[in-house]
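Reader: I should like to learn how to read salt bridges and pockets in a protein model. Could we work through an example together?

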Amino acid sequence: MTYGVTSKDADVYAEKVKASIWETEILVKTPVGRLEIIVPLIGEFNVRNVLAAVAVGLARGIKLVNIVAGIEAVDVIPGRSELVEEGQPFPVIVDSASTPQQLSKLIDEVKEAGARKTILVMGCKGSSDAAERAAIGNMLHFKRSFYRHEHDINERIIHVTRRIIASALLEEIR
């Protein structure tokens with residue numbers, strides 16, 4: 001059983017994906033019919049995960065209605081595009097993006113999902129790759145960005161912070 005986001009050659013694929021900050025609607029084509037699945041998750045990786053779950057369910061002989069019910073029962077995956085609802089009039093998304101590529105993809109997907117204003121609050125582990133710090137710093141060119149260090153006793157906080165802030169300032173000058 002194969003799956004793919006856009007590959008019509010796959011057994012299971014997304015015919016249509018409609019994403020908002022609050023949820024993602026996926027129209028899934030399978031060998032035995034179409035499914036409409038709505039999940040409170042955003043991001044292409046979550047679409048891929050849903051399609052993988054559908055493919056596994058079909059391969060195991062699970063009924064379509066039960067596949068949909070099982071997937072839609074997933075409320076949140078802690079730290080993975082997690083929508084925080086505390087009654088505020090704006091969305092807050094928590095994600096454990098740990099590479100420049102993951103952070104960039106998340107930012108793009110949040111904007112594509114309809115975010116009008118983005119405030120980035122990020123942390124960087126002291127043990128992360130020093131070269132990646134510059135790339136992450138380049139992403140701090142929002143109108144509002146906040147940086148929080150995740151303490152690591154193996155490295156001085158000031159070195160990590162300087163590298164990220166210097167990269168953010170260089171990006172602002174460009």
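**Salt bridges and a pocket**

Author: Let us begin with one residue: Lys105 has a relative accessibility of 39% and so counts as partly exposed. Please keep in mind that this is a predicted model.

Reader: Before the details, how many helices and strands does the protein have?

Author: The secondary structure comprises 5 helices and 8 strands. Read from the N terminus, the order of elements is β-β-β-β-α-α-β-β-α-β-α-β-α. The protein has 174 residues, of which 36% count as buried.

Reader: How should I read the contacts and the surface?

Author: One looks at the separation along the chain for the former, and at the atom types for the latter. Among contacts in the protein with a separation of 6 or more, 51% are between residues 24 or more positions apart. The accessible surface is about 10,800 Å², and carbon and sulfur atoms account for 53% of that area.

Reader: How many salt bridges does a search of the whole structure find?

Author: The search finds 4 salt bridges. The criterion is a side-chain nitrogen of Lys or Arg within 4 Å of a carboxyl oxygen of Asp or Glu. Glu44 and Arg48 satisfy it, with their closest N and O atoms 3.1 Å apart.

Reader: Where do Glu44 and Arg48 lie?

Author: Both belong to helix H1, which covers residues 44–59, and a spacing of 4 residues sets them about one turn of the helix apart. Glu44 is partly exposed, at a relative accessible area of 33%. Arg48 is also partly exposed, at 37%.

Reader: Which side chain meets that of Lys105 at 3.4 Å, N to O, in a salt bridge?

Author: That partner is Glu44. This pair links distant parts of the chain, for Glu44 is in helix H1 while Lys105 is in helix H3 (residues 100–112), 61 residues apart.

Reader: What is the N to O distance in the salt bridge between Glu109 and Lys105?

Author: The distance there is 3.6 Å. Glu109 and Lys105 share helix H3, 4 residues apart, or about one turn of the helix.

Reader: Why does Glu109 count as buried?

Author: The cut-off for buried is under 20% relative accessible area. Glu109 has a relative accessibility of 10%, and therefore counts as buried. Through shared partners, salt bridges join Glu44, Arg48, Lys105 and Glu109 into one network.

Reader: Let us turn to the pocket. Which residues line the second largest pocket?

Author: Its lining consists of Val5, Val17, Ala19, Thr24, Ile42, Gly43, Glu44, Val47, Lys105, Glu109, Glu112 and Ala113. Strand S2 (12–19), H1 and H3 are the elements that each give two or more residues to this lining. Among the contributors, H3 gives the most, with 3 residues.

Reader: How much space lies in the second largest pocket, and how does its lining divide into nonpolar, polar and charged residues?

Author: The space in the second largest pocket is about 210 Å³. Its lining has 6 nonpolar, 2 polar and 4 charged residues. Reading the two features together, Glu44, Lys105 and Glu109 belong to the salt-bridge network and are also among the residues that line this pocket.

Definitions and conventions
Residues are numbered from 1 along each chain as its sequence is written. This is a predicted model: local features need pLDDT of at least 70, side-chain atom pairs count only at pLDDT 80 or more; totals for chains, interfaces and linings use all residues. Side-chain values use heavy atoms; hydrogens and water are left out. Buried means under 20% relative accessible area, exposed over 50%, partly exposed in between (1.4 Å probe, protein chains only). Contact means heavy atoms within 4.5 Å. Accessible areas come from the Shrake-Rupley method with a 1.4 Å probe; for residues, only the protein chains shown count as cover. On a 1 Å grid over the protein atoms alone, a cavity is a set of points where a 1.4 Å probe fits but cannot get out, and a pocket is an open set with protein on both sides within 12 Å along at least five of seven lines; lining residues have an atom within 4 Å of a point. Grid points are joined across faces, edges and corners, and a volume is the space filled by probe spheres set on the points. Ala, Val, Leu, Ile, Met, Phe, Trp, Tyr, Cys and Pro count as nonpolar, Asp, Glu, Lys and Arg as charged, and the others, Gly among them, as polar.
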